[in-house]
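Let's take a friendly walk through this model together. Please have the sequence and the 3D view open side by side, and follow along at your own pace.

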Amino acid sequence: MNFDMKDFIKVHDDKHLESGWAKILPDGKVILDNDFEYYKAGQMLILKADHHTIDNKATDNLRRQKNCC
């Protein structure tokens, strides 16, 4: 497998005290690369202004919107 680590960032969930990796897609979306207890690999994340901390409220709202209809 050939991938470039510059496309990955370390992310942290302050609410659930977990850290892991996320991939930044060319369109700017951030996708979790590994499972957390509360978030699953492949889930799109919304990050806070520091670009490393998961915005739990915004990410949860996004998840609800995607599962809505």
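Helices, of at least four residues, and strands, of at least two, are taken here as DSSP runs, numbered from the N terminus. On that basis the protein chain has one helix and four strands. Keep in mind as you look around that this is a predicted model. Reading along the sequence, you meet the elements in the pattern β-β-β-β-α.

Start with the strands. They make an open sheet of four in the order S1-S2-S3-S4, and the pairing is antiparallel. Strand S1 (8-13) and S4 are the edge strands, each of them pairing on one side only. As a general reminder, strands of a sheet pair through backbone hydrogen bonds, either parallel or antiparallel.

Now step from strand to strand. S1 and S2 are paired in the antiparallel sense over six bridges; for a landmark, find His 12, whose bridge partner in S2 is Ser 19. Moving on, strand S2 (residues 18-24) pairs with strand S3 (residues 30-32), also in the antiparallel sense, over three bridges. Here you can spot Ile 24 standing opposite Val 30 in S3.

Go back to the connection between S1 and S2, which form a hairpin with four residues between them. Leu 17 sits in this loop, and it has a positive phi of about 55° although it is not a glycine. Most residues other than glycine have a negative phi, and most peptide bonds are trans. Is Leu 17 buried or exposed? Its relative accessible area is 69%, so Leu 17 counts as exposed.

A second residue of this kind is His 51, which lies in the loop between S4 and H1. His 51 has a positive phi of about 65°, although it is not a glycine. With a relative accessible area of 54%, His 51 is exposed.

Stay in that loop, between strand S4 (44-45) and helix H1 (56-68), and look for Thr 53. Thr 53 is buried, because its relative accessible area is 8% and the cut-off for buried is under 20%. What does the side chain of Thr 53 reach? A polar contact of 2.6 Å joins it to the side chain of Asp 50. Leaving aside residues up to four places away in sequence, Thr 53 touches His 12, Asp 14, Ile 46, Leu 47 and Lys 48. You have already met one of these, His 12, as the partner of Ser 19.

Next, turn to the aromatic rings, where the count comes to one aromatic pair. The rings of Tyr 38 and Tyr 39 have centres 4.9 Å apart and planes at 80°, so the pair is edge-to-face; the angle needed for that label is over 60 degrees. Tyr 39 is buried, with a relative accessible area of 0%, whereas Tyr 38 is partly exposed at 34%. Tyr 38 has another neighbour to look for: the charged end of Arg 63 sits over its ring, 4.8 Å from the centre.

Finally, zoom out to the whole chain. Buried residues make up 32% of the 69 residues. The accessible surface comes to about 4,900 Å², and carbon and sulfur atoms account for 54% of it. Among the contacts with a separation of 6 or more, 19% are between residues 24 or more positions apart.

Notes
Residues numbered from 1 in each chain as written. Predicted model: local features only at pLDDT ≥ 70, side-chain atom pairs only at ≥ 80, totals over all residues. Heavy atoms only, no water. Phe/Tyr/Trp six-rings, centres within 6.5 Å; stacked < 30°, edge-to-face > 60°. Buried < 20%, exposed > 50% of the residue type's maximum accessible area, 1.4 Å probe, protein only. Lys NZ or Arg CZ within 6 Å of the ring centre and 35° of its normal. Polar contact = N/O pair within 3.5 Å; in protein donor to acceptor, adjacent residues only side chain to side chain. Contact = heavy atoms within 4.5 Å. Pairing = 2+ DSSP bridges. Areas by Shrake-Rupley, 256 points an atom, 1.4 Å probe, with all protein chains shown as cover.
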